[in-house]
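Let's take a walk through this protein together, starting from one residue in its interior and working outward. Keep the viewer open as you read.

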Amino acid sequence: MIDVEAVRKHLDALAKPPRSMGRLEDLACQLAVVQQRLDPVTRPRRVVLFAGDHGVVASGVSAWPSAVTGMMVATIAGGRATSSALAKAQDCDLRLIDVGVIDPPSLVADFARIAAIAPGTSDLADGPAMTVQQFDAAWAIGAEEAEAALAGGHRVLIAGEMGIGNTTPAACLTVLLADAPVDGAVGRGAGADDAMMTRKVRIVTAATARARAMLDADPRAAIAAVAGFEIAAMAGFFAAAAGGGATLLLDGYVATAGALIAERLAPGTARTMIAAHRSAEPGHAAALAHLGLEPLLEWDMRLGEGSGALVALPLLDSAAALLSGVATLAEIGA
Ligand SMILES: Cc1cc2ncn([C@H]3O[C@H](COP(=O)(O)O)[C@@H](O)[C@H]3O)c2cc1C
Ligand SMILES: O=C(O)c1cccnc1
């Protein structure tokens, strides 16, 4: 068993003053413990982007119309989104899965897959966002993607999302599963104004009160009531990836909502996770704390699409290089 002590011992024996690489050494410990090897690998790696729409957008919680989800799906398919540029820069394989976009473009890219469950969720302000069957279907699509990535030899996996309105279900899930207060969980997302924020707080308060009443008796029904297809798919992805021994690099607030679901339904999933960053969304800190994760970066990023994880990915490469590529003090005669 490789524990933190064993990794520290290895790092302290290298040709450098002990602990001189600071927090990179903490990351090296995390990576080695997750992979259970002193020479962890970070290649090949893959980001899987799940896209879906949200009925709650009709209740006025986002600065953007749902049509933008399909536009961004087209942009990702065309290789010109932020996530596309970062994945290319970081030598990271990218896949794009439509799990429920209202206005989907015709996808032609070979890395794209259409697995739409419905044209968007129902409005969680009026009733359950989805049925338990739909939740299970989304989870299964995510799990399938994780299994395919593992079968392809991918060692580091990232889940990302695109879905206008999805910071509202993310806030609901953070309240429901991480016990965050509503006003600490609701943020401006992609640019909500004050009136939208007021509506968002009211909707999250009511929806989480309804979901909480079901949580103990029927956790999947409670979660399905306030989730999104892409969030449920990320949860299934995380649980299956963790079960298969992958290292998960966790993105922002919305991806972490998926992680909260995964940890609730498949306990232990978070042990394989490294939190890439703390998003500017105010609820992210509470969600990460609930999972016992400390973010690598606090850079005020608030995009999603796996972007924060892609930005942090080279830090994993550096940690792995430190563990594998450096001579020992004994070897140099010091
Ligand atoms: C052009 C554009 C690209 C994006 N890429 C990710 N998001 C992010 O913002 C959205 C969530 O914020 P809200 O809940 O406020 O709608 C999601 O689509 C998320 O992936 C984007 C948003 C926009 C507008
Ligand atoms: O942190 C995130 O995941 C996030 C923040 C704002 C908008 N969309 C996603």
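## Around Leu 250

Setting aside residues within four places in sequence, Leu 250 is in contact with Ala 255, Thr 256, Ala 259, Met 273, Ile 274, Ala 275, Ala 276, Leu 293 and Ala 309. Bear in mind that everything here comes from a predicted model.

Leu 250 also belongs to the largest nonpolar core, which has 119 residues. Along with Val 226, Ala 227, Ala 233, Phe 238, Leu 249 and Ile 261, Leu 250 is among those that touch the most other members. Which helix gives this core its largest share? Helix α10 (residues 229–243) does, with 12 residues. In soluble globular proteins, nonpolar side chains tend to be buried together.

Another buried spot worth a look is Ile 141, in helix α5 (residues 132–151). Ile 141 counts as buried because 25 C-beta neighbours lie inside 10 Å, and the cut-off for that is 20 or more. Not counting residues up to four places away in sequence, Ile 141 touches Ile 97, Val 99, Ala 115, Ala 233 and Gly 236. From His 277, which is 136 residues away along the chain, Ile 141 is separated by 26 Å between C-alpha atoms.

## The chain as a whole

Stepping back, the protein chain has 14 helices and six strands. Its radius of gyration is 20 Å, close to the 20 Å that the globule rule gives for 334 residues, so the chain is as compact as a globular protein of that length. The C-alpha trace spans about 70 × 40 × 35 Å along its principal axes. Of the 334 residues, 55% are buried. If you take the contacts between residues at least 6 apart in sequence, 76% of them join residues at least 24 apart.

## Strand β4 and its partners

Now find β4 (156–162). Are its residues mostly covered or uncovered? β4 is mostly covered, with seven of its seven residues buried. Val 156, Ile 158, Gly 160 and Met 162 point one way from the strand, while Leu 157, Ala 159 and Glu 161 point the other way. Note that Glu 161 is buried along with the rest.

β4 pairs with strand β1 (residues 45–52) in the parallel sense, over seven bridges. One of the bridge partners to look for is Ile 158 in β4, matched with Val 47. β4 also runs parallel to strand β5 (residues 247–250), to which two bridges join it. Here Val 156 has Thr 247 in β5 as its bridge partner.

## Two ligand sites

β4 also brings us to ligand 1, since β4, α3 (67–77) and α6 (167–178) each supply at least two residues of the shell around that ligand. The residues closest to ligand 1 are Ser 62, Thr 167, Gly 189, Ala 190 and Gly 304.

Ligand 2 is surrounded by Thr 167, Gly 189, Ala 190, Gly 252, Tyr 253, Val 254, Ala 255, Ser 279, Glu 281, Arg 302, Leu 303 and Gly 304. Helix α11 (residues 253–265) provides the largest share of this shell, three residues. You have already met one of the surrounding residues, Ala 255, as a contact of Leu 250.

Here is the make-up of the two shells by residue class:

| Shell | Nonpolar | Polar | Charged |
|---|---|---|---|
| Ligand 1 | eight residues | eight residues | two residues |
| Ligand 2 | five residues | five residues | two residues |

## Backbone details toward the N terminus

A few backbone features deserve a closer look. A cis peptide bond joins Arg 43 and Pro 44, with omega about -10°. Pro 44 sits in the loop between α2 (22–35) and β1.

That loop also holds Gln 36, which has a positive phi of about 55° although it is not a glycine. Is Gln 36 buried or exposed? Gln 36 is exposed, with 11 other C-beta atoms within 10 Å. Arg 19, found in the loop between α1 (4–12) and α2, likewise has a positive phi, near 65°, without being a glycine. Arg 19 is exposed, with 12 other C-beta atoms within 10 Å.

Finally, Met 1 lies in the segment before α1 and counts as exposed, because it has 5 C-beta neighbours inside 10 Å. Met 1 and Val 33 are 32 residues apart in sequence, and their C-alpha atoms are 8.5 Å apart in space.

Note on methods:
Residues numbered from 1 in each chain as written. Chains lettered and ligands numbered in written order. Predicted model: local features only at pLDDT ≥ 70, side-chain atom pairs only at ≥ 80, totals over all residues. Near = placed C-beta within 6 Å. Helix = DSSP H or I, 4+ residues; strand = E, 2+ residues; numbered from the N terminus. Nonpolar A, V, L, I, M, F, W, Y, C, P; charged D, E, K, R; others polar. Pairing = 2+ DSSP bridges. Rg over C-alpha atoms; globule rule 2.2 N^0.38 Å. Contact = placed C-beta atoms within 7 Å. Core = buried A, V, L, I, M, F, W, Y, C linked by C-beta atoms within 7 Å.
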